[in-house]
Structures are given as structure tokens and as C-alpha cells.
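Here is a friendly walk through one protein model, from its inside to its loops. Have a look at the picture first, then read on.

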Amino acid sequence: MDLPPNHKHSKFSGRYLNSIACRCVVLVVIALVIRAVLLPTFSGFGWIEQQNLIFIQNRSLLFSSEFGIRKDKFLEVPQIVWGLNNQKIAFARACLTARMLNRTLLMPSLSASLFYKEIDLLRPISFDKVFQFEKFNSLCNGFVRLGRYSDLTNRIGIFELRKGSGRKWTIERDLDQLRQHRKDTTDGHELIRIVGKNPFLWHDHWPIKDYARVFECLVLVDEIAKEADKVVSKIREKEMEVTRKTESVQHGISSESSTFQRVPYVAVHMRIEIDWMIHCKKLEQRFNTSQICSSKEEIMERVGNIMDLKTPTVVYLAVADSLLEDSSILNGWKVGLLPLEKKKLGVDGIYRKYPYLIQSAIDYEVCLRADVFVGNSFSTFSSLIVLERTQKMIKEGITRSCGMDVRWPSYAYNILGESKGPHRWMTNMSDSSLQAISYGSNDISSC
């Protein structure tokens, strides 16, 4: 049967439109499949395509690490200064700033000496003289990245970004500044050079777990790590010697025939030097608390009251050099505890070979490896050690620090805990910033 011409046209048009619609549907499905395969799924996250990279807008201001950090855009920061752990925090903050800007951080200069006011007296030391450069990039691959100045191709096209200061330079203004330079014409420069304050004094925009990720990538160079090995070996030797003597006295067993069972060594970060006591007294007035400063007598008593601590045991005292001539820090400890500092242990010669920064790095490693660590919760040195020990515990499935049967237990001697001992201490890894660790806090996680 013949159809009217207009009916034939409508039938043809319908088929044509159906064909076009089908093709569109197929193309949409293919596009969705490709996106699902090539791009990670971010529930509840906004995403922006910029310069062929995906930036993720979330609380920690991080972009998708699957695509890595750009290797052709760089960030330079001022020399990193002050104590070892202030420098580690400053370095991590610089790394996270570079990550937010999606840039490689040019390897910064650390400070080998410790001068708080005489900046011109600071002795710069290259990052790779303390920490392993290639190891850092390997462990932090896709998260943050370090570069060398030799990677630069254009040393002329530099944009200088000046950090604000003063009370009017709020955390919100600082964050807006970083966001602006992440997306405007500034991003076209090969190098952004931040001038102004030491990175430790920058506003903090990142959660503790992001800092912890950076800290995990910091591995001491072999020379320094081997020096720490020597100190730990000396401690273990003393530990073995004390244990064998105790067995000989208690059970009449000769030291040659005794069966050595390893007991833990305790590391105590003992902050009682004069400048610290002045500083902590001011902090107690500022925070209206009496739980920051601790006398040596209080530290000795509380360490001696740690529940279920096996004795005899060696107690390594990480103290300032000014206290090495003070023999009183070795007297008054509970029976069964053998206190030793670097001079008594016979390893002070190892430390004397190096500048302040390296000495601190060795002591940090010795405390980090201790079976039990006791420190001050208002000390950056103690706080970062506990953060790393907390990370170790979490990786072993431990989320609570109760009991001596767990590995890596830590305590804060400036806060009273159970049985008149020090307070059990784990870092709260859910904190939204590192402020508590940077400036001290009594809000510490435990049982």
C-alpha cells in the first residue's frame, strides 16, 4: 500500500532522529565508562579541570595524587630555621603548600646551628645532608615532591609571593592568597618564590595525618643513621650487662651461663634546663595550668611509677648538653632503673663530631626506637616522636595505648596518670591541624 508523501517523510525523520538519539546515548555511555576507568571517584568532592590535571576541593586542599606532582613548576621557600623538629614541621608545611599549588618544592636549606635571633649566625645545611633525597621522593611519590635547582630551565621568569604578617593577616586571607596563585596568571611562571617568614610561622591549613605522611618519608642519611645505631647498641649492651648481673645475684647464676631475656629500654626526653623552665613557666601563666613544667624529682618519680615496667632496665636520658655536667640527674631514680645520658654511656664523642641539628637527629632516632618513651606534651621534640610512634601502632592495628603489652607505648610525664605515673599518650590523628603539636597541648589522646 502506498503511503502519503508526508507520512513517508515523518517515518524517515523518526528513524533518523532515533538513530541520532541512539548514537548520542552510546557516546554518553562511552564517555562515562572512560571517565570511570581513568578518573577516581570522589564522593562529595568538587573537581576542577585545570591545565590537564584534576584538582580536588576538600578540607585538606589536596589534588588527585594519581596524576602526580608537576615536575616543570616549582616552589621555593626561605631557609628553614630553629630546632630540629621546628624545622621538620616547617619543611612539611612547605611541602604541603607546594602540593596545594601543584608544584615541586625546590630542596630547601635547613639550619645546622640553633640561633633564635641572630639569623646571620645560622649555618645553612642542605636537606640531603640530613635526609635521603631520592628516598623521600620514592616514599612520597604522588603526594609531594622535591626538586633540585638544576631542574630549573628559566631562572629569570620568577614570581615572588610575599607572605603577609601581623594580626590582620588571618588564616582566611592566607588561604585565599594560596588559592589565587593556584589558578591565576601566576601559575604560568616556572618558579614561585615565597619570601618573608620562616615556613614554621606560616598559617596551618592541613590535618595532622597529612603532616604524618610527609614525616614518614623523612629517612636519615646512612651516616647519621649508623651513628644512631651505635648509640642504641651501647644502650642494649648496658641493658644486657645489668640483666646478667641481676640474674647472677638473684639466682646464683654466673654471667657466662645466664640466659639473657631482653628487657625494654626507656628513653626520657628530660626538659629541665634553665631556658626551658623559664619558657614553660610563662606558658603555664598563659594557659592558666600547672601541667607543663616538671622538676627532675617529679620526672623521676613518675617514670618509676609506670605500671608493669620490667626491671632492671636502662633509662636513656635525652638531655641538653648543659645538663651533662649535672650529676644530680643520675641520682634519685627508683631501684631497678639505671639512668644513663650520652656522657655516662660513653657516646658523647659521637655527638661532638656534629653540629646541633645532627646531634638532635641522633637523639630523636634513639628516642623513637625506644621500647618505652616518656616526654613532655608541650615539647615539639617529644610530640613528633609520639606522632611517629602512634603511626607505628596504628599500622599494627593498635588504636589505644592501654597496657604495657602493646608496642611503642608513650607517656607524658608533665601530666599525672594512673598509679601516680605519667599519663599515657597517643597523638590524636583526627586533629584538623598541627597547632597542638607546634605549640603544645595537654589535650592528648590515651585510653
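## Starting from the core

In this predicted model, the largest nonpolar core takes in 83 residues, and Phe91, Phe136 and Ile362 are the ones with the most contacts inside it. Helix H2 is the top contributor to this core, giving 10 residues. Apart from it there is another core, made of 22 residues, including Met270, Met300, Val303 and Leu330. As a general background, nonpolar side chains in soluble globular proteins tend to be buried together.

Which residues does Phe91 touch, once those up to four places away in sequence are left out? They are Ile80, Leu105, Pro108, Phe127, Phe136, Leu146, Val214 and Leu218. Phe136, another of the residues with the most contacts inside the core, is on that list.

For some context, the protein has 447 residues, and buried ones make up 51% of them. Its fold includes 13 helices and 15 strands. If you take the contacts with a separation of 6 or more, 72% of them are between residues 24 or more positions apart.

## Two helices worth a look

H2 covers residues 84-100. Is it buried or exposed? 17 of its 17 residues are buried, so H2 is largely enclosed by the rest of the structure. Just after H2 comes Asn102, which has a positive phi, near 55°.

Helix H11 (356-369) is similarly tucked in: 12 of its 14 residues are buried, so the rest of the structure largely encloses H11. Among those buried residues are Leu357, Ile362, Asp363, Glu365 and Leu368. Ile362 is also one of the residues with the most contacts inside the largest nonpolar core.

Here is how the lengths of these two helices work out, going by 1.5 Å a residue.

| Helix | Number of residues | First to last C-alpha | Expected span |
|---|---|---|---|
| H2 | 17 residues | 24 Å | 24 Å |
| H11 | 14 residues | 20 Å | 20 Å |

For H2, the reach is close to what is expected, and for H11 the two values agree.

## Empty space inside

Rolling a probe the size of a water molecule over the atoms shows where empty space is left. Searching the whole structure this way turns up three cavities of 30 Å³ or more. The second largest cavity has a volume of about 60 Å³. Its lining includes Leu84, Gln87, Lys88, Phe91, Phe127, Leu218 and Leu357. So here is Phe91 again, this time lining a cavity, with Phe127 and Leu218 among the residues it touches.

Which helix gives the most to that lining? H2 does, with four residues. By class, the cavity lining has eight nonpolar, one polar and one charged residues.

There are pockets to look at too. The second largest pocket holds about 440 Å³ of space. It has 21 lining residues, with Phe215, Leu218, Leu368, Glu388 and Lys392 nearest its centre. Leu218 therefore lines both the second largest cavity and this pocket, where a lining residue is one with an atom within 4 Å of a point of the space. H2, helix H5 (208-216), H11 and helix H12 (380-395) each bring at least two residues to the pocket lining. By class, that lining counts 13 nonpolar, one polar and seven charged residues.

## Out in the loops

Now for a few loop residues. Between helix H8 (296-304) and strand S11 (313-318), the loop holds Pro312, and the peptide bond leading to Pro312 from Thr311 is cis, with omega near 0°.

Asn305 sits in the loop between H8 and S11 as well. With 22% relative accessibility, Asn305 counts as partly exposed. What does Asn305 contact beyond its neighbours within four places in sequence? Its partners are Lys334, Ser419, Lys420 and Gly421. The C-alpha atoms of Asn305 and Glu418 are 8.7 Å apart, although 113 residues separate the two along the chain.

One of those partners, Lys420, belongs to the loop between strand S14 (410-416) and strand S15 (422-424). Lys420 is not a glycine, yet its phi is positive, about 60°. It is exposed, with a relative accessible area of 58%.

Asn288, in the loop between helix H7 (274-287) and H8, also has a positive phi without being a glycine, at about 55°. Asn288 counts as exposed, at 71% relative accessibility.

Technical notes. Residues numbered from 1 in each chain as written. Predicted model: local features only at pLDDT ≥ 70, side-chain atom pairs only at ≥ 80, totals over all residues. Heavy atoms only, no water. 1 Å grid on protein atoms, 1.4 Å probe; cavity = no way out; pocket = protein on both sides within 12 Å on 5 of 7 lines; lining within 4 Å. Points joined across faces, edges and corners; volume = space filled by probe spheres on them. Nonpolar A, V, L, I, M, F, W, Y, C, P; charged D, E, K, R; others polar. Core = buried A, V, L, I, M, F, W, Y, C linked by side-chain atoms within 4.5 Å. Buried < 20%, exposed > 50% of the residue type's maximum accessible area, 1.4 Å probe, protein only. Contact = heavy atoms within 4.5 Å. Expected span 1.5 Å × (residues − 1).
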